[in-house]
Amino acid sequence: MLTPVKSLSAKTTRSTLGRTESGPVKWVLIAIALVFLAFVLLLPLACVLTTALNKGLAVYFKSIQDPNALSAIRLTLLTALVAVPLNMIFGIAASWAIAKFDFRGKNFLLTLIDLPLSVSPVISGMIFVLIFGAQGLLGPGLIEHGIKVLFAPPAIILATIFVTFPMVARELIPVMKAQGSEEEEAAITLGASGFKTFWLVTLPNIKWGLLYGVILCNARAMGEFGAVSVVSGHIRGQTNTLPLHIEILYNEYHFTAAFAAASLLAMLAIVTLIAKSLVEAGMHRQIQLSQSDNGEK
Amino acid sequence: MSIEVKNISKTFGNFKALDNISLKVETGELVALLGPSGSGKTTLLRIIAGLEQAEEGQVLFSGQDAREKKTKDRNVGFVFQHYALFRHMTVFDNIAFGLRVKPRPERPSADQIKKKVFELLKLIQLEWVANRYPWQLSGGQRQRIALARALAVEPRVLLLDEPFGSLDAQVRKELRQWLRKFHDDLHITSLFVTHDQEEALEVADRVVVMNKGKIEQIGTPDQVYHNPANAFVLNFLGNVNLFHLRVEDGKAYVGDTAIEVPGFKAENAKTASLYVRPHQFEISRQPKNKSFLKATVKFINPAGSMVKLDLVTEVGSSVQAEITQEEFGALRISRGDPVFVGLKNITYSEYEI
């Protein structure tokens, strides 16, 4: 009884002491962080919005509704719509394999999953040029059969999948590892099939981690520039995604139009941040639950 | 339904977890697999459930080979050490799980499921927690829910992996007695793993003592405790004192004292090891015969049903003895007193020639 009381009081004294002593230091640190944030994040965001709107709302909406802009938005959405679900499935499968089984080459697989994060996106794009280009590995055969991959949506989607595939898996592996496989084993001994076990036991346990991974994956898929730029061919109205469209507009001095399109991506970022913090709150709740689950005997 | 395993072997990398294990659990029996950690007892249980595959050997349920059957079709109830309750489901949903995942033709109606779940909750005396989540319950309650969940699908055998391993001592004792009573009512063939010898001896009809992937002895609690097959079993089932004896002309000596070992028959041996349980000593102020050893009292712990004494013999070996409160009262000894130690009812000795 004595020990906890003692440690508690010691802790309180230490933290109050810390607070009074480091008061100025604390404010200086907060001020630095805020100033830095204002310059690096808020100022650019404000610039984007003011430049986008500096010729009035009419021009803003006109530049967004330009056929080329609409086509870029459509291609961006299509890319995300294909890449995100595929990477979700891949992410679940890979993290399931890594977290719940022991097999030869597990570390190699982990390294492979991280590969897209460690390679420059330009190189990621080049890989697809080497594979699907006219002198590439598969390119000539495919072109013979009338299938165009490079400088067309398929290559854009493939490059996006490649660049974003670690996002879901990296979020899920630690979650699944922490949960172990006892609940799944219990479900199987109770007569559940593999699918039912996954659907009724595994999925509810990983849903927050999965959602988090999907949000990050989506943000990256919609915003990817480097790899997509290499494989797209920049054909206006056909193979430009939103980030590529912005670049072209900017290079041609259509600042208002460029920033209007950029404001869409900025809004996507803000929505992502809000969704992310909501999901984080959910994850936090779940972690607390499982902690009280372990802590209490 | 009976469970039989035949010549089961299993290795993990270089580690031989199970080495040619054969064992039969009769219908309606409650058998304990007892052993230190790493003895392979949990692996054996998991192989029976189909959660792990053996490299060699067979598992038979009522004489039928279960190898072809997947875990989900074996109809075994499995209770995990850490409960493994579904954390996102209420207690009701946890218990109903096994019934709800049955294929459509066999699945009971919602009403039948509800009835069954409440029957089980009544059996484990926890009807009032149906709508709670696992994290809102104590460890003992959770383990009872885990048991009810396993029983919901009416398994033919029940396998329990250290079911009380993560509970505190008091709850553990209660649940242990509860399990015994529960088994007497239901008579379901049960096999449970434990490293706690007290638990195994108290609850089980038969005890299987395992060590390093092998079975050391199978027998009733009485047999394994009073007639241990070897030194390991003796050591594992409670405290024991070891005496190294010197043998000369067919007589065993500790120091210069000739010890009378009942049934001593190794006249050709040079040395012998004698294992004596703490309660198998007789302590007195005066030697009652020539084979009493001289010793000094080092420590007395009178708290408990028996009085525990730490003694040091004149040859310097320490001895842990237990005597009854009455004997202690009659002896009137205190720390530092000289006493004489005799042996009674020795159960186990080994001879080296």
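This is a short talk about the salt bridges and nonpolar cores in the structure above.

Hello everyone. One thing to keep in mind from the start: this is a predicted model. I'll begin with charged pairs and then move to the nonpolar side.

Side chains of opposite charge can pair when their charged atoms come close. How many salt bridges are there over all chains? The count comes to 26. Let me walk you through three of them.

Please find helix α3 of chain B, residues 110–123. Glu119(B) and Lys115(B) both sit in this helix, 4 residues apart, which is about one turn. Their side chains form a salt bridge, at 3.9 Å from N to O. Are these two buried or exposed? Lys115(B) has 58% relative accessibility, and because that is over 50%, Lys115(B) counts as exposed. Glu119(B), at 44%, counts as partly exposed.

Next, the salt bridge between Glu199(B) and Arg172(B), with 3.5 Å from N to O. Glu199(B) belongs to helix α6 (residues 197–203) and Arg172(B) to helix α5 (residues 169–186), both in chain B, so this pair ties together parts that are 27 residues apart in sequence. Both Glu199(B) and Arg172(B) are buried.

The third pair is Asp337(B) with Arg285(B), a salt bridge at 3.5 Å, N to O. Here the pair links distant parts of the chain, 52 residues apart. Asp337(B) is in the loop between α9 and β19 of chain B, while Arg285(B) is in the loop between β15 and β16. Asp337(B) has a relative accessibility of 17%; that is under 20%, so Asp337(B) counts as buried. Arg285(B) is partly exposed, with a relative accessible area of 34%.

Now back to Arg172(B) and Glu199(B) for a moment. Which residues join them in one network? Through salt bridges that share partners, they are linked with Arg176(B), Asp196(B), Glu198(B) and Glu202(B).

On to the nonpolar side. In soluble globular proteins, nonpolar side chains tend to be buried together. In this model, the largest nonpolar core has 46 residues. Ile95(B), Leu121(B), Ile145(B) and Leu147(B) have the most contacts inside this core. Which helix gives the most to the core? That is helix α4 of chain B, residues 139–152, with 7 residues.

Take a look at Leu147(B) while you are there. Leaving aside neighbours within four places in sequence, Leu147(B) is in contact with Val79(B), Leu158(B), Leu160(B), Trp178(B) and Phe182(B).

Apart from this largest core lies another one, of 39 residues, including Leu18(B), Ile48(B), Phe97(B) and Leu191(B).

Thanks for listening!

How values were computed:
Residues are numbered from 1 along each chain as its sequence is written. Chains are lettered from A and ligands numbered from 1 in the order in which they are written. This is a predicted model: local features need pLDDT of at least 70, side-chain atom pairs count only at pLDDT 80 or more; totals for chains, interfaces and linings use all residues. Side-chain values use heavy atoms; hydrogens and water are left out. A salt bridge is a side-chain nitrogen of Lys or Arg within 4 Å of a carboxyl oxygen of Asp or Glu. Helices (H or I, at least four residues) and strands (E, at least two) are DSSP runs, numbered from the N terminus. Buried means under 20% relative accessible area, exposed over 50%, partly exposed in between (1.4 Å probe, protein chains only). A nonpolar core is a set of buried Ala, Val, Leu, Ile, Met, Phe, Trp, Tyr and Cys residues joined through side-chain atoms within 4.5 Å. Contact means heavy atoms within 4.5 Å.
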